[in-house]
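Dear colleague,

Please find below the structure that I am handing over to you. I should be grateful if you would read the notes beneath it with the coordinates open.

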Amino acid sequence: MKPKQRAAEESPVSINWSTGLLLGSSVQERTKTLGQLRGIFYDADSWSQMDLDTTVYCVRWWQPVPENTEGGLFWGTTTIEPGLVGDEYFMTHGHCHQQRNRAEIYSTISGEGALLLADAEGHTSMEVMTAGSTHYLRGEIAHRVANVGKSPLVFVACWPSDAGHDYETIATKGFLARLIRCHGVPTLLRNDANGS
Ligand code: S6P
Ligand code: ZN
């Protein structure tokens, strides 16, 4: 008799709350290198002179139900390495949810970071991320995270399985401000300001 195949939601998944490491046979992993983040960082000259194979961040996530399942949830851990492109901190690509009424929760495990939030017009605000900080991301808000510390920034996220990811909108109507290191301090600077 064939052994019964386990559904993804029945596969054991565990998280190490000290490191954020998510383990389990159904856990998926995606790494983003500098090269895959072309056009995301403001200082394209500095970006092009760096080793484009450098890992900027890694996401490990669990999809216990198929993508687009109404009423389901996904869960993941993102680890962003410390680093700078010019004066701009290493950060995630950033996205909004395809379904704009699908919210998300982030909670920081370790490190120092900044959560950048942009409304539909691109107006950008920032929330400080530090161990234990927990953030409610409204559905219609674009979000990206920067590591402003010297060690990896690790946070967990929980989002609806039918949220979808829209990476295109922020390319044209994205964040109107960027997070730069100014005199050693993370500073939100409007894109049209004279910065760095
Ligand atoms: C998913 C959630 C996170 C991000 C991850 C990487 O809704 O917000 O898991 O996917 O932090 O960011 P990005 O912008 O590359 O998807
Ligand atoms: Zn999201």
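The notes below take the metal site, then the ligand pocket, and then some individual residues.

Please bear in mind throughout that this is a predicted model.

The zinc ion (ligand 2) has four protein residues as donors: H95, H97 and H143, each through NE2, and E104 through OE. These donors lie 2.1 to 2.3 Å from the zinc ion. Along the chain they follow the spacing H-x1-H-x6-E-x38-H. The arrangement around the zinc ion is octahedral, because the 6 donor atoms subtend angles of 67 to 174°; opposite donors must be over 155 degrees apart and all others between 65 and 115 for that assignment. For comparison, ideal angles for six octahedral donors are 90 or 180 degrees. Two of the histidine donors can be placed with respect to the protein surface: H95 has a relative accessibility of 9% and therefore counts as buried, and H97, at 1%, is likewise buried.

Ligand 1 is surrounded by 16 residues, and the closest are Y57, E104, Y106, H165 and Y167. E104 is thus listed both here and among the zinc donors. By class, the shell comprises 6 nonpolar, 8 polar and 2 charged residues. Oxygen atoms of ligand 1 have several polar partners. A polar side-chain atom of Y106 lies 2.6 Å from one such oxygen, a backbone N or O atom of G94 lies 2.8 Å from an oxygen of the ligand, and a side-chain N or O atom of H165 is also found at 2.8 Å from a ligand oxygen. Taken alone, ligand 1 exposes 400 Å², of which the protein buries 98%. The elements giving two or more residues to this shell are β4 (55-62), β9 (104-110) and β14 (153-160).

D166 is located in strand β15 (residues 165-166). With a relative accessible area of 11%, D166 is buried. Its C-alpha atom is separated by 5.1 Å from that of Q98, although the two residues are 68 apart along the chain.

Two backbone conformations also deserve your attention. Most residues other than glycine have a negative phi. N68, however, has a positive phi of about 80°; this residue lies in the loop between β4 and β5 (73-80) and, at 55% relative accessibility, is exposed. H183 also has a positive phi, near 50°. H183 is found in the loop between β16 (177-182) and β17 (185-190), and its relative accessible area of 80% makes it exposed.

With kind regards

Conventions:
Residues are numbered from 1 along each chain as its sequence is written. Chains are lettered from A and ligands numbered from 1 in the order in which they are written. This is a predicted model: local features need pLDDT of at least 70, side-chain atom pairs count only at pLDDT 80 or more; totals for chains, interfaces and linings use all residues. Side-chain values use heavy atoms; hydrogens and water are left out. Donors are N, O and S atoms within 2.8 Å of the metal (3.2 Å for Na, K and Ca); water is not among the atoms, so sites may look incomplete. Four donors count as tetrahedral if all angles lie between 85 and 135 degrees; four count as square planar and six as octahedral if opposite donors are over 155 degrees apart and all others between 65 and 115; anything else is irregular. Buried means under 20% relative accessible area, exposed over 50%, partly exposed in between (1.4 Å probe, protein chains only). A residue is near a molecule or strand if one of its heavy atoms lies within 4 Å of it. A polar contact is a pair of N or O atoms within 3.5 Å; within protein, one must be able to donate a hydrogen and the other to accept it, and residues adjacent in sequence count only if both atoms are side-chain atoms. Accessible areas come from the Shrake-Rupley method with a 1.4 Å probe; for residues, only the protein chains shown count as cover. Helices (H or I, at least four residues) and strands (E, at least two) are DSSP runs, numbered from the N terminus. Ala, Val, Leu, Ile, Met, Phe, Trp, Tyr, Cys and Pro count as nonpolar, Asp, Glu, Lys and Arg as charged, and the others, Gly among them, as polar.
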